[in-house]
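User: I should like to go through the terms used to describe this protein and see what each of them rests on. Please set the values against the definitions.

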Amino acid sequence: MGQMIKLKASDGHSLSAYQADPAGKPRGGIVVIQEIFGVTRHIRAVADQYASAGYLAVAPALFDRIEPNIDVPYTDMAKGFAYMKQLKNEDVMRDVEAALLKVQSAGKAGSVGYCWGGTMSYLTAARLKPAAAIVYYGGGVNNCLGEKPQCPVMFHFGEKDTHIPQSAVAEVKKALPDAPVYLYPADHGFNCTDRASYDAPSAKLALERSLEFFHEHVG
């Protein structure tokens with residue numbers, strides 16, 4: 001369904017992105033924000049999923065600022081963290097903004113991010129003002145709560161997530177009492193079919209809630 005395209009950030013940086021087009025007239029646009037592993041098969045599948053639901057979906061390759069075509073195995077978390085730590089949030093936001101501008105050709109646009117990308121989706125809501133943003137198990141969101149979202153935000157967390165303590169989830173709930181925060185009987189990365197922590201019922205329910213949220217706020 002999808003193809004690789006090129007985007008240009010506001011500072012002139014050129015980056016690749018995976019674009020998935022809907023079959024008919026798009027309902028709107030969705031930026032899919034990667035985990036610390038790159039624009040993996042799973043992230044491309046997520047973009048395809050949103051395209052099949054009627055959205056123009058684009059997943060920017062945020063690690064292109066380091067080197068092109070980075071695709072880290074899910075078993076090598078240390079390598080993924082090493083890449084992530086080389087990036088500045090300001091540069092990541094420039095690249096997400098380029099993707100947001102691309103999908104806004106389809107109408108209103110939202111963002112959805114996973115793991116590190118979940119935290120970047122939260123910052124997208126605070127800094128880039130999409131129509132809506134969704135955060136899947138975003139570790140570190142609780143450290144970004146000084147920045148307030150400028151649009152509706154939805155959160156998905158796993159109750160068994162050893163990377164994100166429930167105290168961090170409680171901080172999110174307290175700071176954003178109007179935001180829907182859902183907990184699932186699952187571990188970190190429960191949406192990813194290529195991870196041992198994949199939990200099909202939780203992933204299905206989270207997607208249903210996400211699509212309903214985007215239908216309401218994006219189109």
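The exchange below takes up the whole protein, then one strand and its partners, then one residue; the model is predicted.

User: What makes the protein as compact as a globular protein of its length?

Analyst: The protein has 6 helices and 8 strands. Its radius of gyration is 16 Å, and the globule rule gives 17 Å for 219 residues; the two values are close, so the protein is as compact as a globular protein of that length. The C-alpha trace spans about 40 × 40 × 35 Å along the principal axes.

User: In what order do the elements follow one another?

Analyst: Starting at the N terminus, the order is β-β-β-α-β-α-α-β-α-β-β-α-β-α. Of the contacts between residues at least 6 apart in sequence, 67% join residues at least 24 apart.

User: Why is strand β2 described as largely enclosed by the rest of the structure?

Analyst: A residue counts as buried when its relative accessible area is under 20%. In strand β2, residues 14-20, 6 of the 7 residues are buried, so the strand is largely enclosed. For the protein as a whole, buried residues account for 56% of the 219.

User: How do you know that β2 pairs with strand β1?

Analyst: Pairing requires at least two bridges between the strands. Strand β1, residues 2-8, and β2 are joined by 7 bridges in the antiparallel sense, with I5 opposite A17 of β2. The two strands form a hairpin with 5 residues between them, and G12 in the turn has a positive phi of about 95°.

User: What makes β4 a partner of β2?

Analyst: The same requirement of at least two bridges applies. Here 4 bridges join β2 to strand β4, residues 55-60, and the two run antiparallel. Within this pair, Y18 stands opposite A59 in β4.

User: Why is Y136 called buried?

Analyst: The cut-off is under 20% relative accessible area. Y136 has 1% relative accessibility, so this residue counts as buried. Y136 belongs to strand β6, residues 132-136.

User: Which residues does Y136 touch, leaving aside those up to four places away in sequence?

Analyst: A contact requires heavy atoms within 4.5 Å. On that criterion Y136 touches V112, G113, Y114, C115, G118, H156, F190, N191, A206, L207 and S210. As for F155, its C-alpha is 6.0 Å from that of Y136, with the two positions 19 residues apart in sequence numbering.

User: How are the charged side chains of the protein balanced in number and place?

Analyst: There are 22 positive and 23 negative side chains, and the centres of the two sets lie 3 Å apart.

Technical notes: Residues are numbered from 1 along each chain as its sequence is written. This is a predicted model: local features need pLDDT of at least 70, side-chain atom pairs count only at pLDDT 80 or more; totals for chains, interfaces and linings use all residues. Side-chain values use heavy atoms; hydrogens and water are left out. Buried means under 20% relative accessible area, exposed over 50%, partly exposed in between (1.4 Å probe, protein chains only). The radius of gyration is taken over C-alpha atoms; the globule rule is 2.2 Å times the number of residues to the power 0.38. Lys and Arg count as positive and Asp and Glu as negative; His and the chain ends are not counted. The place of a charge is taken as NZ of Lys, CZ of Arg, CG of Asp or CD of Glu.
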